[in-house]
Amino acid sequence: MNALAALSANPVDVDLLIHPEWIIPIEPAGVTLSGHSLAVKDGLILGLLPNKEAAQRWRPGQTLDLPGQVLMPGLVNLHTHAAMSLLRGYADDLPLMRWLSERIWPAESRHAGPDFVRDGTLLACAEMLRGGITTFNDMYFFPGAVAAAAKRVGMRAVLGIIAIEFPTSYAADADDYLAKGLAIRDDFAGDPLLSFCLAPHAPYTVADKTFSKIATLAAQLELPIHVHVHETRHEIEDSLKQHGVRPIERLRRLGLIGPQLIAVHGVHLDPGEIDLLAHEGCHLAHCPTSNLKLGSGISPLSAIQSHGINFGFGTDGAASNNRLDMFQEMRHAALLAKGASQNPEALAAHATLAAATLGGARALGLDGRIGSLLPGKAADLCAVRLDEWLIQPCFDPASHLVYVAGREQVSHTWVAGKLVMSNGVPAQIGISELLDVAGLWHTHLTS
Ligand SMILES: [Zn+2]
């Protein structure tokens, strides 16, 4: 009996067998497979095989043919404030500190209770699933309401245990923020789709004492630390005046610089700081669209890449982007890296796709579970149509995903093997409910 006959004698039951035109597994790097099928069983990727072998090896409960489409890991949004979808377009064309202090913080102090957070996050999750995003790393008040929304639509989320010094309707002071966040973490312990990170807001809103406490908690609980840092020149100048050092040096002295750190933005980094982040194994959440829109600048991504720093992409909140669209982030990141470094080889297409998936997963400590299509990982997937007339011809699917296609071409999204979006419609929430939620809060915010 030859090997294939032996295989066909004992087919394995699988839940779903997908036959796309191409598969980009991310691991191994730089590979595009054609004529392969991917099998899903119990929410996990069972394997990828050539079509003929797959048909002999696996007996599917359901099959899905996706001609003209590419299958890849779900995108990981490494930094967002999901609930701020309700503030999309509420304040534009202002620099960061005026945008925050004159528009965003006053609106949040009036409106950002648990209902706002739940409704805004529902809207955000639906938008993200529509665009092939399967995981988001969040930083916002009332993370329990964020968790409820993510669970409702079946999305994977990393919830930020936010800390900030000023009081809100959520918490009174930094210790209260941390205590409440840790209690919510206990409430959702063991949830297969939810995990947590510590989320001190920024060096200009968090005191030394709180940062030190967070460094200790991160070590004790093995949690990532997710913090905005070196977003604007203004932030660095203020730190020099107030603390005598730049924010990254301040965080280093307080024990936060290490492999658990996800530095969000890192727009203004000098060569010594890039060396430090590389040497200490820190991760970077690059948010190119938000940085452009707030006029913060352009992160030196080519140097970050050449130093071997792990990075992923974040949309930031919809109030400063104004889309939760990782296709937009991929394209902006790749184009800006090339333009700013005057090097067209910076951030090539496969490297861009890897950052948007595995890079984000690695920063969150989730790369053993998501971020690529290795057997045994969760079946967090998206399929993208590359056969539409508007984007023809297609010579290289990886190039097309980064430079041509948009989130509108995403046809299916799965989280842990469950279909959560198809044909442009989220599976767990109706479009009419999303429109009602957006309309209700538009009325509140304008009255
Ligand atoms: Zn942010």
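## Helix H5 and its cover

Start with helix H5, which spans residues 143-153: Pro143, Ala145, Val146, Ala147, Ala149, Ala150 and Val153 are buried there. Keep in mind that this is a predicted model. The cover over those buried H5 residues includes three helices or strands that come early in the list, namely helix H4 (114-130), strand E7 (133-138) and strand E8 (156-163). Also included are helix H6 (174-187), strand E9 (194-200) and strand E16 (418-422).

Right after H5 comes glycine 154, and its phi is positive, at about 75 degrees.

## The zinc site

What holds the zinc ion on the protein side? The donors are His79, His81 and His228, each through NE2, plus Asp316 through OD. They lie 2.1 to 2.2 Å from the ion. Along the chain, the donors are spaced as H-x1-H-x146-H-x87-D. Within that set, histidine 228 and aspartate 316 bring together distant parts of the chain, being 88 residues apart. Histidine 228 belongs to strand E10 (residues 225-229), while aspartate 316 is in the loop that runs between strand E13 (310-313) and helix H13 (326-341). Are these two buried or exposed? Both histidine 228 and aspartate 316 are buried.

As for geometry, the four donor atoms around the zinc ion subtend angles of 86 to 169 degrees, so the arrangement is irregular. A tetrahedral label would need all angles between 85 and 135 degrees, and the upper end of the range here is 169 degrees.

## Salt bridges

Searching the whole structure turns up 23 salt bridges. One of them pairs glutamate 27 with lysine 377, with 3.3 Å between the closest N and O atoms. This pair ties together distant parts of the chain, 350 residues apart. Glutamate 27 is in the loop between strand E1 (12-23) and strand E2 (33-34), and lysine 377 is in the loop between helix H14 (349-363) and strand E14 (381-385). The two partners fall into separate burial classes: glutamate 27 is partly exposed because its relative accessible area is 25%, whereas lysine 377 is buried, at 4%.

Aspartate 119 and arginine 118 form another bridge, the closest N and O atoms being 3.0 Å apart. Aspartate 119 has a relative accessible area of 7% and so counts as buried, while arginine 118, at 34%, is partly exposed.

Then there's a bridge inside a helix. The side chains of arginine 252 and glutamate 249 meet at 2.9 Å, N to O. How far apart are they along helix H9 (residues 247-253)? They are three residues apart, so about one helical turn separates them. Both ends are partly exposed, with arginine 252 at 40% relative accessible area and glutamate 249 at 22%. Elsewhere, Arg88, Glu127, Arg323, Asp325, Arg407 and Glu408 are joined into one network by salt bridges that share partners.

## Two strand residues: Thr413 and Leu46

Threonine 413 is in strand E15 (residues 410-415). Its relative accessibility is 0%, so threonine 413 counts as buried. Setting aside neighbours within four places in sequence, threonine 413 is in contact with Leu129, Gly132, Ile133, Thr134, Leu381 and Cys382, and also with Lys418, Leu419, Val420 and Met421. Threonine 413 and alanine 383 are 30 residues apart in sequence, and their C-alpha atoms are 6.6 Å apart in space.

Leucine 46 is in strand E4 (residues 44-50). With 35% relative accessibility, leucine 46 counts as partly exposed. Again leaving out neighbours within four places in sequence, the contacts of leucine 46 are Val12, Val14, Ala39, Val40, Lys41, Trp58 and Pro375. Leucine 46 and asparagine 77 are 31 residues apart along the chain, with 25 Å between their C-alpha atoms.

## A nonpolar patch on the surface

Which residues make the nonpolar surface patch of about 230 Å²? They are Leu335, Tyr403 and Val404. Tyrosine 403 is part of helix H15, residues 397-403. Its relative accessibility is 32%, so tyrosine 403 counts as partly exposed. That value also fits the patch criterion, because patch residues need over 30% relative accessible area.

Notes: Residues are numbered from 1 along each chain as its sequence is written. This is a predicted model: local features need pLDDT of at least 70, side-chain atom pairs count only at pLDDT 80 or more; totals for chains, interfaces and linings use all residues. Side-chain values use heavy atoms; hydrogens and water are left out. Patches are made of residues with over 30% relative accessible area and no salt bridge: like charges are joined within 9 Å, nonpolar side chains (Val, Leu, Ile, Met, Phe, Trp, Tyr) within 5 Å. Accessible areas come from the Shrake-Rupley method with a 1.4 Å probe; for residues, only the protein chains shown count as cover. A salt bridge is a side-chain nitrogen of Lys or Arg within 4 Å of a carboxyl oxygen of Asp or Glu. Helices (H or I, at least four residues) and strands (E, at least two) are DSSP runs, numbered from the N terminus. Buried means under 20% relative accessible area, exposed over 50%, partly exposed in between (1.4 Å probe, protein chains only). Donors are N, O and S atoms within 2.8 Å of the metal (3.2 Å for Na, K and Ca); water is not among the atoms, so sites may look incomplete. Four donors count as tetrahedral if all angles lie between 85 and 135 degrees; four count as square planar and six as octahedral if opposite donors are over 155 degrees apart and all others between 65 and 115; anything else is irregular. Contact means heavy atoms within 4.5 Å.
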